[in-house]
Amino acid sequence: MSNIQKFYQGLEVSTKAGKAPYTIESGQGAYLTINGTKKLNFCSSHYLGFAVDERIKQAAIKAIEKYGLGTGYRTLAGTHELHLKLEEALAHFKGTEKAVVLSSAYMANCAAIQTIIGKEDIVISDELNHASIIDAVRLSGVKNKMIYKHADMTSLEEKLKEADELRRTPKTNGETPLILIVTDGVFSMDGDLAPLPEIVNLAKEYEALTMVDDAHGEGVLGRGGRGIVNHFGLEGEVDIEVGSLSKAFSVMGGFIAGKKSLIDFYLLKARQRLFSIALTIPDTAAALEAVTILQESDEVVTKLWDNTKYLRSELQKYGFDTGNSETPITPVMLGDEEIAKEFSTKLFAEDVFATPIVFPMVAKGKARIRVIPSAAHSKEDLDRGIAAFVKVAKELNVL
Ligand SMILES: *Cc1c(COP(=O)(O)O)cnc(C)c1O
């Protein structure tokens, strides 16, 4: 067998165990259609129901009629006026001086770190940070990366002390190494928050830059969904805010928000912007409409939280362990992986769609079903889902 044949055979062996995910045949609202059957959508990060929102659909349709579909490389063909409008709206929404939009939050994390951090700088990262942050740190080529224990400020301070020692050796160009502290805002497996006020205080004390990835915070936390920085009243205190347009905003795209000088630097230098396409017209128009809706009223965000509180208190009333979430992410802790998988399969038979989360997404023995209510659910929808959980739990004897 040639080495190339061996390569292809190896690929087959390592994909055999993977289960094909479901195919969805409908929009992503309160319900989904899978195999021709309507299922309650109980685990989507379209928190606000915007994936099927009429106003947002109309905004995208109108923009397509006016401008068509694709845009161009902003540095070659030019920036579209819709991109500028969206960036202005996002900066205003986040309470920062300026924002730049990229094609995803994965890209935005890579741009945010790679553009300003070099080999000889220092990055300190929460151990549970999202994969896109881990990849972004790798891409920067930084030698000194330090991992602190999840949300543990004693551990962070130890790393800062270490970094402070390392920083005494100047870089080859004579400058002092930068220290960047980076964290998810909301940790998406447990729904807990980064202790941002404490992180900001430590960063001030040790002269470090701060970066928060607020992918699950936008549209959810803070006044009218302005995110984790607004939630903690820290506007202007976090250097780099990364956001996603794929979660609550329900389209695709990512952005970086911060001080004008920093964003101007990204606009000019970020490779993810120079060498990758800008957002399409419908994505840009839809995201702009979503931000406009949130600026005008906090009605949908309030509904999301009402649904969250109701769902959680009902599940707890029936004896489910829903972890320590501070957001709509509601982990129903089951522990055993096989039970979590069987639980999800049985829910599916009850026409409730909620996928199991198992190792390596979470630690061994911490398997769960991650339920996420949305503003699109009615109380009757939630009651249906809760009833299915109770029925399956009784069948599996896990309460
Ligand atoms: C989903 C997610 C991302 C990636 O967002 P995309 O816009 O889909 O690339 C990045 N960071 C966190 C914390 C996320 O949850």
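Here a trainee and a mentor talk through a predicted model.

Trainee: Let's start with the domains. How do you know that there are two parts, and where do they lie?

Mentor: The domain assignment gives domain 1 as 21-47 + 298-396 and domain 2 as 54-296. Taken over C-alpha atoms, their centres are 28 Å apart.

Trainee: What makes domain 1 and domain 2 count as being in contact?

Mentor: The cut-off is heavy atoms within 4.5 Å. By that rule, 20 residues of domain 1 touch 19 residues of domain 2. Putting the two domains together buries about 1600 Å², with 61% of it on carbon and sulfur atoms.

Trainee: Why is the pair Asp190 and Arg368 called a salt bridge?

Mentor: The rule wants a side-chain nitrogen of Lys or Arg within 4 Å of a carboxyl oxygen of Asp or Glu. Here the closest N and O atoms of Asp190 and Arg368 are 2.8 Å apart, so the pair passes, since the limit is 4 Å. Across the interface of domain 1 and domain 2, the rule finds one salt bridge.

Trainee: Which elements of domain 1 give two or more residues to the side that touches domain 2?

Mentor: Those are α12 (299-317) and β13 (367-371). Helix α12 gives the most, with four residues. By class, that side of domain 1 has 11 nonpolar, five polar and four charged residues.

Trainee: And how many residue pairs are in polar contact between domain 1 and domain 2?

Mentor: The count is 12, with both residues of each pair at pLDDT 80 or more.

Trainee: How many salt bridges does the whole structure hold?

Mentor: It holds 21. One of the pairs you can look up is Lys94 with Asp214, at 3.0 Å from N to O. Lys94 sits in helix α3 (residues 81-94) and Asp214 in the loop between β7 (209-213) and α8 (228-231), so this pair ties together parts that are 120 residues apart in sequence.

Trainee: On to the sheets. What makes β1 and β11 edge strands?

Mentor: The open sheet has three strands in the order β1-β2-β11, with mixed pairing. β1 (31-34) and β11 (352-353) each pair on one side only, and that puts them at the edges.

Trainee: Why is the pairing called mixed?

Mentor: Look at the two pairings in turn. β1 and β2 pair in the antiparallel sense over four bridges, and Thr33 stands opposite Lys38 in β2. Strand β2 (residues 37-41) and β11 run parallel and are joined by two bridges, with Leu40 opposite Val352 in β11. One antiparallel pairing and one parallel pairing give a mixed sheet.

Trainee: How do you know that β2 and β11 really pair, with two bridges?

Mentor: Pairing needs at least two bridges. β2 and β11 have two, so they satisfy that minimum of two bridges.

Trainee: What lies between β1 and β2 in their hairpin?

Mentor: Two residues do, and Asn35 in the turn has a positive phi of about 50 degrees.

Trainee: What about the sheet with β10, β13 and β12: which pairing does it have?

Mentor: That open sheet of three strands follows the order β10-β13-β12, and its pairing is antiparallel. β10 (330-335) and β12 (356-357) stand at the edges with a single partner strand each, so one side of each is left without a neighbour in the sheet. Two bridges join β12 to β13, and Pro356 is opposite Ile369 in β13.

Trainee: How do you know that the bond joining Phe359 and Pro360 is a cis peptide bond?

Mentor: Check omega: it is about 10 degrees for the bond between Phe359 and Pro360, and the bond is listed as cis. Pro360 lies in the loop between β12 and β13.

Trainee: Last one: what is notable about the phi of Ser250?

Mentor: Its phi is positive, about 65 degrees, although Ser250 is not a glycine. You'll find Ser250 in the loop between β8 (240-244) and β9 (254-258).

Conventions:
Residues numbered from 1 in each chain as written. Predicted model: local features only at pLDDT ≥ 70, side-chain atom pairs only at ≥ 80, totals over all residues. Heavy atoms only, no water. Domains from an automatic or database assignment. Buried area = accessible area lost by both parts, 1.4 Å probe. Polar contact = N/O pair within 3.5 Å; in protein donor to acceptor, adjacent residues only side chain to side chain. Nonpolar A, V, L, I, M, F, W, Y, C, P; charged D, E, K, R; others polar.
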